[in-house]
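This report describes one protein model, taking its pockets, a sheet and a few single residues in turn. The sequence and structure come next.

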Amino acid sequence: MGSYFRNPVISQPGADHGDPFVINYLGRYYLYHTGRTGVHAYTSTDLVHWNYEGTVLSPCGGEHWAEVEYWAPEVLYIDGVFYMYVSGTRKTPQGRGDDQLRRLGIARSRHPLGPFQWDSQPLFDEWSIDAHPFKDENGALWMFYNIRTDATRYIDGTVGCGNVVEAMLAPDRPAGNQTRVAFPTERWEGDRKGTWYWNEGPWVLKRRNWYYQLYSGGCYRDETYSLGLAFAPSPLGP
């Protein structure tokens, strides 16, 4: 007989474990997820039964660029270092995150449970979230991530965000050659009223020399929230 389990597999602490990411290291799975004032981690040996391991990334003291709202952490392990790519922003006087100052940055650790230490500067000096590092079979590093500019607006001019890709010269050094991957072009990628559009949350799989990117479209607050698929013969498209 097969084994059975019920969802959700993680329910505590808290009710929201958005943007989960899992890495396998030495036979154990490590899960990280979005957090307002820190990144929390869980471990498992079977992807079903999870143990809460606490906070692995905390805010820096002083005037750091990433004070709150740590979104969509993903971890890449290279040469003994765990690189956590995560977005953050400064805190407004009201205590919320400043949406205009969201940036992607890196925190590092020698262990998958941290503690991770923030780099002093963000990875990109523009509005950016949802980093997805991708290591190709030939060892080349790529960074897929989400931006919001005039170029990422929907075809009728409505504000939106879109996914781009950039070559990485090192885990902490982008090459500066940003290329479009998926920008909003379909009505389903907007919210119910069509007041905002999304192509975000990139995730890439390579199969038989083709690259497949799953992404989120629509608004997570209503029934439009969905998954889209884009594919190409190269990380640079088309």
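## Pockets, sheet and selected residues

The second largest pocket holds about 220 Å³ of space. The model is a predicted one. Lining this pocket are 15 residues, and those nearest its centre are Phe21, His132, Pro133, Phe134 and Trp203. At least two lining residues come from each of β1 (21-25), β5, β9 and β14. By class, the lining of the second largest pocket divides into 10 nonpolar, 2 polar and 3 charged residues.

The largest pocket has about 1200 Å³ of space. It is lined by 44 residues, and the closest to its centre are Asp19, Thr34, Asp130, Glu200 and Tyr225. Two or more lining residues come from each of β3 (39-44), β5, β9 (128-135), β14 (197-207), β15 (210-217) and β16 (226-232). The lining of the largest pocket is made up of 22 nonpolar, 11 polar and 11 charged residues.

The table sets out the two pockets side by side.

| Pocket | Volume | Lining residues by class |
|---|---|---|
| Largest | About 1200 Å³ | 22 nonpolar, 11 polar, 11 charged |
| Second largest | About 220 Å³ | 10 nonpolar, 2 polar, 3 charged |

Strand β5 contributes to the lining of the largest pocket and also to that of the second largest. It belongs to an open sheet of 4 strands in the order β5-β6-β7-β8, with antiparallel pairing. The edge strands are β5 (68-78) and β8 (117-118), each of which pairs on one side only. Strands of a sheet pair through backbone hydrogen bonds, either parallel or antiparallel.

How many bridges join β5 to strand β6? The two strands, of which β6 covers residues 81-89, pair in the antiparallel sense over 7 bridges. Val68 has Thr89 in β6 as its bridge partner. The hairpin of β5 and β6 has 2 residues between the strands, and Asp79 takes a positive phi near 50° there. Although β5 is an edge strand, 9 of its 11 residues are buried, so β5 is largely enclosed by the rest of the structure.

Going on through the sheet, β6 and β7 also pair in the antiparallel sense, over 7 bridges. Met84 has Ala107 in β7 as its bridge partner. Strand β7 (residues 103-109) is joined to β8 by 2 bridges, and these strands run antiparallel. Arg108 stands opposite Gln117 in β8. Of the 7 residues of β7, 6 are buried, so β7 is largely enclosed by the rest of the structure.

Asp130 is one of the residues closest to the centre of the largest pocket, and its place is in strand β9. Is Asp130 buried or exposed? Its relative accessibility is 9%, and because buried means under 20%, Asp130 counts as buried. A polar atom of the Asp130 side chain lies 2.9 Å from the backbone nitrogen of Gly201. Leaving aside neighbours within four places in sequence, Asp130 is in contact with Ala72, Leu104, Phe144, Tyr145, Asn146, Glu200, Gly201 and Pro202. One of these contacts, Glu200, is also among the residues closest to the centre of the largest pocket. Asp130 and Gly160 are 30 residues apart along the chain, and their C-alpha atoms are separated by 15 Å.

Arg148 lies in the loop between β10 and β11 (160-170). At 18% relative accessibility, Arg148 counts as buried, because the limit for that class is under 20%. Which side chain does the side chain of Arg148 meet in a polar contact? The partner is Asp99, at 2.9 Å. Not counting residues up to four places away in sequence, Arg148 touches Asp99, Gln100, Trp127, Val159, Gly160, Cys161 and Trp196.

Gly139 is also a loop residue, between β9 and β10 (141-147). Its relative accessible area is 39%, so Gly139 is partly exposed, a class that runs between under 20% for buried and over 50% for exposed. The C-alpha atoms of Gly139 and Trp50 are separated by 31 Å, and the two residues are 89 apart along the chain.

Notes: Residues numbered from 1 in each chain as written. Predicted model: local features only at pLDDT ≥ 70, side-chain atom pairs only at ≥ 80, totals over all residues. Heavy atoms only, no water. Pairing = 2+ DSSP bridges. 1 Å grid on protein atoms, 1.4 Å probe; cavity = no way out; pocket = protein on both sides within 12 Å on 5 of 7 lines; lining within 4 Å. Points joined across faces, edges and corners; volume = space filled by probe spheres on them. Nonpolar A, V, L, I, M, F, W, Y, C, P; charged D, E, K, R; others polar. Buried < 20%, exposed > 50% of the residue type's maximum accessible area, 1.4 Å probe, protein only. Polar contact = N/O pair within 3.5 Å; in protein donor to acceptor, adjacent residues only side chain to side chain. Contact = heavy atoms within 4.5 Å.
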